[in-house]
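Got your viewer open? Let's take a short walk through this fold, one selection at a time.

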Amino acid sequence: MSTAPESPMKVLVYSDDANTRARIRTAIGRRPAADLPRVEFVECATQPAVVRRLDEGGIDVLVVDGEAQPAGGLGVCRQAKDEVFDCPPVLAIIARRDDGWLATWSRADAVVSLPLDPMALANALAGLMRWRLENRLPAL
């Protein structure tokens with residue numbers, strides 16, 4: 001018997017590269033952990049689209065590609081943390097371990113490095129999904 005909540009959680013994936021978004025979706029899968037609900041992906045290829053979608057609400061976790069162009073995912077993360085009420089937790093994907101300081105500056109809640117390790121990505125996302133389930137502000 002499953003103890004996972006039934007309603008899917010929305011995960012917004014930001015990257016200008018459709019192949020990168022596909023790799024992230026594939027690595028995460030439909031359910032990153034047995035105790036969590038299914039993931040419903042929302043994809044954005046531009047920074048304005050991310051801002052618009054976050055403003056609409058309902059996003060549970062934001063995954064950003066630190067290598068996205070022209071607006072890098074870490075800058076998008078920082079903007080979201082500064083401007084979005086009840087900002088969802090953010091998972092940043094960085095190309096180089098040395099970019100960890102940029103992820104700290106961006107206030108990302110979790111970081112994984114390229115090349116993508118599906119287990120590391122799923123585990124990081126699962127942790128953020130659990131945190132969001134426990135800390136989401138109630139709807140007004």
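Which residue in strand 2 does Lys10 stand opposite? Pick Lys10 and look across to strand 2: the residue facing it there is Glu40. Keep in mind as you click around that this is a predicted model.

Now widen the selection to strand 1, residues 9–14, together with strand 2. These two run in the parallel sense and are joined over 6 bridges. In general, strands of a sheet pair through backbone hydrogen bonds, so switch on the backbone if you have hidden it.

Next, bring up the whole sheet. You should have 5 strands in an open sheet, ordered 2-1-3-4-5, with parallel pairing. Color the edges: strand 2 (39–44) and strand 5 (110–113) each pair on one side only. Sight along the sheet and you'll find a twist that averages 20 degrees from one strand to the next.

Time for the helices. Select helix 2 (residues 47–56). Helix 2 lies across strand 1, strand 2 and strand 3 (61–65), and its direction makes an angle of about 160 degrees with strand 1.

Add helix 3, residues 73–83. The axes of helix 2 and helix 3 come within 11 Å and cross at roughly 30 degrees, which makes the two helices roughly parallel. The crossing is right-handed.

Last stop: show side chains where these helices touch. From helix 2, pick Gln47, Val50, Val51 and Leu54; they meet Val76, Gln79 and Ala80 of helix 3. Sorted by class, that contact has 5 nonpolar residues, 2 polar ones and no charged ones.

Terms used
Residues numbered from 1 in each chain as written. Predicted model: local features only at pLDDT ≥ 70, side-chain atom pairs only at ≥ 80, totals over all residues. Heavy atoms only, no water. Axes fitted to C-alpha atoms, helices over the stretch in contact; angles between N-to-C directions. Helix = DSSP H or I, 4+ residues; strand = E, 2+ residues; numbered from the N terminus. Parallel < 35°, antiparallel > 145°, perpendicular 65-115°, else oblique. Left-handed = near helix turned anticlockwise from the far one by under 90°. Contact = heavy atoms within 4.5 Å. Nonpolar A, V, L, I, M, F, W, Y, C, P; charged D, E, K, R; others polar. Pairing = 2+ DSSP bridges.
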